[in-house]
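Please take a moment to look over the sequence and the model together before reading on. The paragraphs below are meant to be followed with the structure in view.

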Amino acid sequence: MTQPQDILQFCPKCGSANFVFDGSKSFKCASCHFHFFINSACAVAAVIVNNRGEILLTRRAFEPEKGKLDLPGGFVDPMERAEESVIREIKEELNLDVVSLEYIASFPNEYIFSGFSVYTTDLGFLCQVKSFDNMHAKDDISGFEFIALDKIDYSEISSDSIRNIIMAYEKLI
Ligand SMILES: [Zn+2]
């Protein structure tokens, strides 16, 4: 019961309760004719590998999926490029400087936040960083670890989209 049609009851423009879900991805207000679409939000996830080929996984500090393993990343801000977003998020979460990045693949996700389903398109990027010298966990992660690909416990990963991005990276190498 977290999907938009379960939660949204009133037109966000005029406040009318005559706000009708079309059965797929939009609502129409019968009072003011406002047409509101449920679009996918863009998010980014970084695959960062050390010189032993181990992948950098973070621990989520907050719900949803608090304590689970994740790739570093986050939501793309309005009017931000995805490439800028991944550089910003890696700096914010880990204090790492991305020097180059390469697109891997994207996968959809349903991210439940504040009891509300946010549909996302998670873009995976393979990122090189300047160095790991001044790395530390901050922002919305509680820690990090480097894990060999064959040692990753996929049941500990926070979402299918992140599992899929890691597996898409494995196919590249
Ligand atoms: Zn309205």
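What follows is a walk through this structure, from its general outline to some details of its backbone.

The model is a predicted one, and it is a protein with three helices and 10 strands. If you read along the sequence, these elements follow the pattern α-β-β-β-β-β-β-β-α-β-β-β-α. The C-alpha trace spans about 60 × 30 × 30 Å along its principal axes, and of the 173 residues in the protein, 41% are buried. When contacts between residues at least 6 apart in sequence are considered, 60% of them join residues at least 24 apart.

A good place to begin is the metal site. Which residues coordinate the zinc ion? The ion is held by the SG atoms of Cys-11, Cys-14, Cys-29 and Cys-32, at 2.3 to 2.4 Å, and along the chain these donors follow the spacing C-x2-C-x14-C-x2-C. Cys-11 belongs to the loop between α1 (4–7) and β1 (19–21), while Cys-32 belongs to the loop between β2 (26–29) and β3 (35–37), so this pair ties together parts of the chain that are 21 residues apart in sequence. The arrangement of the four donor atoms is tetrahedral because the angles they subtend around the zinc ion are 106 to 113°, and every one of these has to lie between 85 and 135 degrees for that word to apply. For comparison, the ideal angle for four tetrahedral donors at a metal is 109.5 degrees. Cys-11 is buried, with a relative accessible area of 3%, whereas Cys-32, at 25% relative accessibility, counts as partly exposed.

The strands that carry or flank these cysteines are paired with one another. Strands β1 and β2 run antiparallel and are joined by three bridges, and one of the residues of β1, Phe-19, has Cys-29 as its bridge partner in β2; this Cys-29 is also one of the zinc donors. The hairpin of β1 and β2 has four residues between the strands, and in this hairpin Gly-23 takes a positive phi near 90°. Strands β2 and β3 are likewise antiparallel and joined by three bridges, with Phe-37 in β3 as the bridge partner of Ser-26. Their hairpin has five residues between the strands, and here His-33 takes a positive phi near 70°.

Further along the chain we come to an open sheet of four strands, which have the order β7-β4-β9-β8 and show mixed pairing. Which strands form the edges of this sheet? They are β7 (73–75) and β8 (98–113), each of which pairs on one side only. Neighbouring strands of the sheet are turned by 20° against each other on average, if direction is ignored. Within the sheet, β4 (residues 41–48) and β9 (residues 116–129) run parallel and are joined by eight bridges, and Ala-41, for instance, has Thr-120 as its bridge partner in β9. Helix α2 (residues 82–94) packs on this sheet, where it touches β4, β7, β8 and β9, and its direction makes about 125° with that of β7. Helix α3 (residues 160–172) lies across β4, β8 and β9, and runs at about 150° to β8.

We can now turn to the interior. The largest nonpolar core has 18 residues, and those that touch the most other members are Val-47, Ile-55, Leu-57, Leu-71, Ile-152 and Ile-166. At least two residues of this core come from each of β4, β5 (55–60), β8 and α3, and the largest share, five residues, is supplied by α3. Leu-57 touches several residues beyond four places away in sequence, among them Leu-69, Phe-144, Ile-152 and Ile-166. There is also a second, separate core of 17 residues, which includes Leu-56, Ala-82, Ile-90 and Met-135.

Finally, some details of the backbone are found in loops. A cis peptide bond, with omega about 0°, joins Glu-63 and Pro-64, and Pro-64 is in the loop between β5 and β6 (69–70). Met-79, in the loop between β7 and α2, has a positive phi near 65° although the residue is not a glycine, and at 87% relative accessibility Met-79 counts as exposed. Ser-114, in the loop between β8 and β9, is not a glycine either, yet has a positive phi of about 55°; at 71% relative accessibility, Ser-114 counts as exposed.

Conventions. Residues numbered from 1 in each chain as written. Predicted model: local features only at pLDDT ≥ 70, side-chain atom pairs only at ≥ 80, totals over all residues. Heavy atoms only, no water. Pairing = 2+ DSSP bridges. Axes fitted to C-alpha atoms, helices over the stretch in contact; angles between N-to-C directions. Contact = heavy atoms within 4.5 Å. Donors = N, O, S within 2.8 Å, 3.2 Å for Na, K, Ca; no water. Tetrahedral: all angles 85-135°; square planar, octahedral: opposite > 155°, others 65-115°. Buried < 20%, exposed > 50% of the residue type's maximum accessible area, 1.4 Å probe, protein only. Core = buried A, V, L, I, M, F, W, Y, C linked by side-chain atoms within 4.5 Å.
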